[in-house]
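User: I'm new to reading protein structures. Could you pick one spot, look at it closely, and then walk me outward from there through the rest?

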Amino acid sequence: MAYQLDRGAIQRAYNNDTRQQPLLQIVDVKKMTAKNGKLRYRLVVSDGERYQQAMLATQLNGMVDSGGLVQYCVCRLNNFIVNVVAKRKIIICLGLDIVDSSVSAIIGNPTPIAPPGNQQNVPPNAQNVPPNNPTPQNYGGPPGGPSPSGFGGSANNSSHGGRANHNSGPGGSSGGGTVYGRPEEKQKSSRYNGGSSVSGSGYGRGNSGSGSVYGGGRPSGSAYGNNRASRPGNGNNGGYGGGGGAYGGGRGSGYNMRGGGARTSYNAISTLNPYQNKWVIKARVTHKGTMRTWNNSRGEGKLFSVELLDRNGGQIRATMFNDAADKFDKIFHEGKVYTISKGALKPANKKYNKLPHEFEMTLNRDADVQFVGEDQKIKEQLYNFTPISAYNDLINEHVDCIGVVLFVSQASQIVSSKTQKELTKRVIQIADDSNYSIDLTLWNEKADMYDEKALPPGTVVAIKAVKVGEYNGRSLSTTFQSTFQVNPNVPEAGRLQNWYHTTGANGVQALTNNAGGGMAQSSRRITMGDIDELKQMLQEEGKVEYFEIDAMICYVKNYDLDRPPWYTACPKEKCNKKVTEIDQGQWHCEKCGQSYGERKLRYILSICIVDNEGSQWVTAFNDEVALLVGKTAEELNTMIENNEGEAFQQALEAVKLQRMIFSCRAKMEMVQEEMRIRVTVTKCRPVDPIEEGRRLLEKISMYDNL
């Protein structure tokens, strides 16, 4: 099959037109190894008329390895940029589709895009020209006349330069319309020096009049050169720069890269990629993650991430490690606007990064981050809301959710089955005008911050990157990537408030199956009569269920001075693992791999709780036991050391007959070759008559329509 390639595409790409998606032929594929040891592929691409050297992005290496991208194959180049490497322009292929791999010969008779001897004429700053503003084909107008679209011509009419003149020369006095600094006629001219009066030239400096392309006019704004003016230029209709200066500074300029005055525009986040040499973005921090640490066989360290949003709606994640994390943790604040440069980009790990950008950023200590104040053109957050009614089909997906608060539960404590760390959680029920409700779980800091006082019924909340789960039907859970905003400034918030005040959210259908109306799985209230059903749900070893129960303590396991209800624990914060005494006053922690000169005492107490339907043995730990006993383990240990055995026993006896709301975690474990249920108390609290009254009213309301 004969293919009609997109002739002229290589020339347009050479002139920085990256908006096209041309049909090209790969006329050569060569394997090479980069300085960092990574495998790369160098290509030669042809449009049948011209050919040009190119590089394949590393994420596309599989196309060569699989045998799809081969010599002479025809492909559609969907996404690319043009970089300057060693003064030569190179096409970087970021995305392409193989059209036909069976072509066996070169199409047409292509010639090089530029003779090798002219490669040095590539403008040194050409890689900084914004890719979405292709270089015009017409570089100059007739001598002394206007140029419609090129780099010469009248300052009042042209895009990129001043009025053409015969006398342009190095530092000459008349300026001139030029092609990258080349004169219209044979007079000597320097590419880097422009005229000194009427108009600017290619890459040099004009002294007055219109600003130059990549140069600088005295009153007019310049692009990539020096602006010697003390005030911005005010040229008329001058392309992207003041007074005709392209991509330059001055009043009304677009990309003020090196000219005088403050920068007025920045690289769009959506265009960032690992193949750009220099870039600067201006963005708002829409989410700042907490500092996280790791400790494994490869060492230990810390990191935190921020999510950035620019005025064009581009989003990207930036991560900092160790020293850089300490430095920028003090600089970055959620909601503030910064300029950022000198970061490294790499393919985004979509397991942890849910933003749409295909790359993510790493900032080292030498990255340049500057707080710049407020910019009203950058949104506070960018949402893509999905109605609650659609969550049935989105299991394990991350979505942006907005809803009206119907109910807020009490905070509770659980122990993570993975890390064995205590976690705080709070469940809120939200609904939207799709007439569905769902339970949303907040964790740790957010769970402590957003209680029923902070979130009264009718409050609108927006959550970005919240995970849809399938426990008890459908439920939502925040992750370390999620952001939580109360009464967000978005149109959907006003619409939902009107819906709630009009309907009261009556008749909404719950996607989360709860026992108790509006209570999620962690707060699901059961009685002792439900324990047998719970055991059936836990037949699979390792499965966990959470519930609440209103019960009274009827019995405490026998403890004495030789077998107290505590263990010696690691003194390191958040470790809490048991330590072994290896010498007098020395304890060793297997988990931390360290020895300490001190230890902590942490409660572990077995109690039997009962209600009117049955009883169950449960195990409570440090904070909960301290609440029940009224003393810390250290205080009881002091009694033992002082031979106050009677006071010790009285303190444990005082635990009996206390009525509490117990938040529990249950799972099946193998004990002496028999599967038994193990119930752990994650939190307990005294019975609140107001809360219990509200719970009963909710149950009664379930029968209103019967």
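Analyst: Let's start at N444, which is partly exposed because its relative accessible area of 28% falls between the 20% and 50% cut-offs. Keep in mind that you're looking at a predicted model. N444 sits in helix 4, which covers residues 444-449. Its backbone has a quirk: phi is positive, about 50 degrees, even though N444 isn't a glycine.

Now hop over to N322, in helix 3 (residues 322-329). Here phi is near 50 degrees, a positive value in a residue other than glycine. With a relative accessible area of 34%, N322 counts as partly exposed.

Next, go to strand 19, which spans residues 460-469. A465 lies in this strand, and its relative accessibility is 11%, so it counts as buried. What does A465 touch, if you skip residues up to four places away in sequence? The answer is H398, V399, D400, T479, Q481 and S482. N353 is another residue to look up from here: it's 112 residues from A465 in sequence, yet their C-alpha atoms are 9.8 Å apart.

Follow the chain out of strand 19 and you meet E470, in the loop that leads to strand 20 (475-477). Is E470 buried or exposed? It's exposed, because its relative accessible area is 52% and the cut-off for that label is over 50%. From E470 to T512 you count 42 residues along the sequence, with 8.6 Å between their C-alpha atoms.

For a residue with no exposure to speak of, try A283, in strand 7 (residues 280-288). Its relative accessibility is 0%, so A283 counts as buried. Setting aside neighbours within four places in sequence, A283 is in contact with I269, L308, L309, D310, K336, V337, Y338 and I378. G314, 31 residues away along the chain, has its C-alpha 9.0 Å from that of A283.

Time for a pair of helices. Helix 8 (residues 633-641) packs with helix 9 (residues 645-653), their axes 8 Å apart and at an angle of about 150 degrees. That's over the 145-degree cut-off, so the two helices are roughly antiparallel. L636, M639 and I640 are the helix 8 residues that meet A647, F648, A651 and L652 of helix 9. Sorted by class, this contact has 7 nonpolar residues, no polar ones and no charged ones.

L636 turns up again in the largest nonpolar core, which has 39 residues. It's one of those with the most contacts inside that core, along with I607, I609 and F662. Zoom in on F662: not counting residues up to four places away in sequence, it touches F547, E548, I549, A551, I553, I607, I609, V681, K683 and C684. Apart from this core lies another, with 31 residues, including A9, C73, I81 and I91.

Finally, zoom all the way out. The chain has 706 residues, and 50% of them are buried. Its secondary structure comes to 10 helices and 32 strands. Of the contacts with a separation of 6 or more, 57% join residues 24 or more positions apart. The chain exposes about 34,100 Å², with carbon and sulfur atoms supplying 46% of that area.

Note on methods
Residues numbered from 1 in each chain as written. Predicted model: local features only at pLDDT ≥ 70, side-chain atom pairs only at ≥ 80, totals over all residues. Heavy atoms only, no water. Core = buried A, V, L, I, M, F, W, Y, C linked by side-chain atoms within 4.5 Å. Buried < 20%, exposed > 50% of the residue type's maximum accessible area, 1.4 Å probe, protein only. Contact = heavy atoms within 4.5 Å. Helix = DSSP H or I, 4+ residues; strand = E, 2+ residues; numbered from the N terminus. Areas by Shrake-Rupley, 256 points an atom, 1.4 Å probe, with all protein chains shown as cover. Axes fitted to C-alpha atoms, helices over the stretch in contact; angles between N-to-C directions. Parallel < 35°, antiparallel > 145°, perpendicular 65-115°, else oblique. Nonpolar A, V, L, I, M, F, W, Y, C, P; charged D, E, K, R; others polar.
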